[in-house]
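Biologist: Can you walk me through this one? I have some quick questions, in no strict order.

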Amino acid sequence: MAETLVIGYGNDLRSDDRAGREVADRIEAAELPGVEVRSQSQLTPELALDIASADVVVFVDADIDCRELTVRPIEARERGAQSMSHHTDPETMLLLARDVGAVPRVAHMVSIPASDLALGFEMSPATREAVGEAVEVITALVSPA
Amino acid sequence: MKNMVVIDPVTRIEGHAKITIGLDDSGAVSTCRFHVTEFRGFEEFCKGRPVWEMPSLTARTCGICPVSHLLASAKAGDAVMGVKIPDNAVRLRRIVNLGQIIQSHALSFFHLSAPDLLLGWDSDPAARNVFGLMAEEPELARRGIMLRSFGQGVIESIAGRKVHSPGILPGGIAEPMTEETRERLREGLVEARKTAEDALALFTGILDNYEREVAAFGSFPSLFLGLSNDDGLWEHYDGYLKMVDSEGTVVATQVAPADYRSIIGEAGRPDSYLKSPYFKPNVGADDDPLAGIYRVGPLARLNVCERMGVPAADEALAEYRERAGGIATSSFFYHYARLIEILAATERMADHLANDDVTSPHVRARAGVNAHHVVGVSEAPRGTLFHEYQVDEHGVLTDMNMIIATGQNNLPMNETVLQIAKEWIDGPSIPEGILNRIEAGIRAYDPCLSCSTHAIGMMPLVVSLVAPDGKVVSEVRRG
C-alpha cells in the first residue's frame, strides 16, 4: 500500500463539487512516487481498508462554506448518528480505519472554496484557480522533504 | 388533523426523507406518509445528450449503485444499436452486476442493519452504528467491510473503476478480462463465500428473536416484480418481467421490458418527490394506486424465481421459504433475502469465472443508431431498474424516463411504516426504540433516495406526530 493516499471526492456533474475529484485526477496524472490516489463520488466504508494501511492520508473536497483554500489536520472522530450512512465524512473514515487496522500517522483535510453546485460540468473561475493551487499544495505536502 | 408524529430525518439510508404519522381523535395511529424531500431532475438534465454518454451520465445518478445504472443504460444503448452483444460481454456484465449485488448488500446488512439486529432496537443510539458493531462484533464488522471491498474490486477489475466505471458501454464491455484478474477474483471468492455463509448462519440463528418484527415490519399481501427467465432461475440481468402475488400466483409474465408500461403506471404524490409506481391492471382511473402495490428487490426476486440455480443458495432458499411459509410477505425478510443473494452471487460468479471463455477478447459489438425508442432493464440490488430512451437519428436523447427500484417500493414503504406505527406507537410520544423501529422498517428496503428522486445527499429523517387539526404533537429529528 502507498505511503500516502490522496482521496478526492465530490459529484463531477455538480460544477464546483467536482473540485476534489479534479485535484485527485491531476495528482494521479503526476504519478508522484509513493502516492496512491482515489477519485470518489463519496466516502464509503471500504475505503477504511486503504486508509488503514497508509502513513499519510489527504482528503480533498469542495466546501461551500470555505472562502479560500484551506489545509488542516484532522483526527478520528465520530460525528453523530448519521455518521454511517451509505457514505460518511473524513473524521469518521479515520475512526473506521482505526477499527479495521490503524489510523494514519498524519491526516489532512483540503477544502476547496466552492460557490456553484448546480448541475454542470464546468467549475467557477475561483474554484478552478483553487484547484490548481490545491494540486501544488498537496504535491508539496506529500513530496519528501 | 389533530395528532401527528413526524420523523425527520430518517437515518442510515441514502438521501433525505421524513415520516408523518397521523393520529385519530382517540390518539391511535390512523395514517402514515413517507416523504422524500429532495429533487434532482436528472431526466431533464440528460435530454439533448448522446445516448453513448448515457451510461456514464446516468451512473452519476448515484454513487452507491452506479453499476446498476451503467447496465440498464448500456442495455438501452444495445437496443438503440439493435445489436446482440457478444456472449462474453454478457458474462462480464453479469459478473459486474454480481459484484454490485455483493457490495451493496454487504453495506446494507453489515453496516446499516446489523447494528439494529445484533445490538438491539433499544440499545444506546449513540453506539447503535458500525462503531458499536466494531466494539461488539469486531470480526463480523471487519469481514463485512472486506466483503464490500471484494464486490467493489470485482467492479473495478472489469469495469475499470469502482464508481462511475467507464468500462461498461453500449455494445458490451470496453476491455476483456485478463487471466490474472480471473485468478485474483477466484481467490477472493473463497473468503467472500465464507463470509456470506457465516452471515446467513448468524441471521437465521437470531431470526426467531424477531417474531414481532417479522409480523409487523411490512407484513402484508402485495405483488412482487422481478426479471425472470424460462428456466425459472434467480435472474439479475436479463429476461422478461414477471409478477407474482402473495400466494405465488403469476399475475404477469413474459412481459418484454420494452412493454413495461403495459403493466406499470406511475403516480405522483403532492408531498414527496418519490414517484409511486403501481401495477396498472389493478388500478382504475379513479383508484388509489395502492390497489396496484408491488415490491421489488431481493424479497421480490426470491418470490419470483423458482430456484436460485446454485446449490448452497438453493438450500438456503428452501429454508427461507419454509420459515416464510412459502412466498415471503414480510419486508423484514429483505435482510434474509439479501444474504441469500450474496451467497448466490458468489456461487454464480464462481461458475462464470470457471468458464474458459470468460477471458475471450470478443466483448463488444459496434453499430450506429438503428432504433429510436428503447428500454434497458436490469436488476439493481434494490430492485428492477428501467431506463427508457427516445433518441433522434443522431442518437441524441429527446426524452427519457427512469423507474428506480426505491420508487417502486414507495407504496410498500408507506404501508410498512404505518404497520410499525400501529404496532408500537401508543400515545403522543415516540420512545427512541420505537423511532428506531420505524426507521428500520424503511431501512429493510435499503432505499436509495438519491437514485429514486435522482437527488443527492445523505438521508437524515424527521418523524412528526400530527393531530387531526394539523397540530404537530411531537417531532423527532435525526442527522
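Modeller: Sure. Keep in mind that this is a predicted model. One place to begin is Asp446 of chain B: Asp446(B) is buried, because 30 other C-beta atoms lie within 10 Å and 20 or more is enough to count.

Biologist: Where is Asp446(B) placed?

Modeller: In a loop of chain B. Helix H14 (432-443) comes before that loop and helix H15 (449-452) after it.

Biologist: And what is the phi of Asp446(B)?

Modeller: Phi is near 50°, so a positive value, and Asp446(B) is not a glycine. Most residues other than glycine have a negative phi.

Biologist: Which residue in strand E8 also has a positive phi?

Modeller: Gln254(B). Its phi is about 55°, and it is not a glycine either. Gln254(B) sits in strand E8 of chain B, residues 250-255.

Biologist: Is Gln254(B) buried or exposed?

Modeller: Exposed. Gln254(B) has 12 other C-beta atoms within 10 Å, whereas Asp446(B) is buried with 30.

Biologist: Let's zoom out. What is chain B made of?

Modeller: Chain B has 15 helices and 16 strands. Of its 479 residues, 61% are buried. Take the contacts between residues at least 6 apart in sequence: 72% of them join residues at least 24 apart.

Biologist: Which domains does the assignment give for chain B?

Modeller: Domain 1 is 1-38 + 428-479, domain 2 is 87-208 and domain 3 is 220-329. The contact between domains 1 and 2 takes 8 residues from domain 1 and 7 residues from domain 2.

Biologist: What classes of residue does domain 1 of chain B put on that side?

Modeller: Where domain 1 touches domain 2, it has 5 charged, 2 polar and 1 nonpolar residues.

Biologist: Pick a sheet in chain B. What is the strand order?

Modeller: Take the open sheet of 3 strands. Its order is E12-E13-E14, and the pairing is antiparallel.

Biologist: Why is one side of E12 and of E14 left without a neighbour in the sheet?

Modeller: Strand E12 (373-380) and strand E14 (397-403) of chain B stand at the edges. Each has a single partner strand, so one side of each is left without a neighbour in the sheet.

Biologist: How much are neighbouring strands turned against each other?

Modeller: By 15° on average, ignoring direction.

Biologist: Which helix packs on this sheet?

Modeller: Helix H3 of chain B, residues 66-81. It touches E12 and E13, and its direction makes about 150° with that of E12(B).

Biologist: How many bridges join E13(B) and E14(B)?

Modeller: There are 6 bridges, and E13 covers residues 383-391. In one of the pairs, Glu388(B) has Asn401(B) in E14(B) as its bridge partner.

Biologist: Back to domain 2. What does Phe150(B) touch?

Modeller: Ile102(B), Gly188(B) and Ala192(B), leaving aside neighbours within four places in sequence. Phe150(B) lies in helix H6 of chain B, residues 138-159. With 23 C-beta neighbours inside 10 Å, it counts as buried.

Biologist: Now chain A. What is the pattern along the sequence?

Modeller: β-α-β-α-β-β-α-β-α. That comes to 4 helices and 5 strands.

Biologist: How does its radius of gyration fit a compact globule?

Modeller: It agrees. A compact globule of 145 residues would be near 15 Å, and chain A has 14 Å. The C-alpha trace spans about 40 × 40 × 20 Å along its principal axes. Buried residues make up 54% of chain A.

Biologist: Which strands does E5(A) pair with?

Modeller: E3 and E4 of chain A. Strand E3 (residues 56-63) runs parallel to E5(A), with 8 bridges. Strand E4 (residues 70-73) runs antiparallel to E5(A), with 4 bridges.

Biologist: Which residues stand opposite Ser111(A)?

Modeller: Asp61(A) stands opposite Ser111(A), and so does Thr70(A).

Biologist: How many residues of E5(A) are buried?

Modeller: 6 of its 8 residues, and E5 runs from 106 to 113.

Biologist: Last one. Where is Thr139(A), and what does it touch?

Modeller: Thr139(A) is in helix H4 of chain A, residues 125-142. It touches Ala30(A) and Leu32(A), not counting residues up to four places away in sequence. Ile27(A) is 112 residues from Thr139(A) in sequence, but 7.4 Å away in space, C-alpha to C-alpha. Thr139(A) counts as partly exposed, with 15 C-beta neighbours inside 10 Å.

Methods
Residues numbered from 1 in each chain as written. Chains lettered and ligands numbered in written order. Predicted model: local features only at pLDDT ≥ 70, side-chain atom pairs only at ≥ 80, totals over all residues. Helix = DSSP H or I, 4+ residues; strand = E, 2+ residues; numbered from the N terminus. Pairing = 2+ DSSP bridges. Domains from an automatic or database assignment. Contact = placed C-beta atoms within 7 Å. Nonpolar A, V, L, I, M, F, W, Y, C, P; charged D, E, K, R; others polar. Axes fitted to C-alpha atoms, helices over the stretch in contact; angles between N-to-C directions. Rg over C-alpha atoms; globule rule 2.2 N^0.38 Å.
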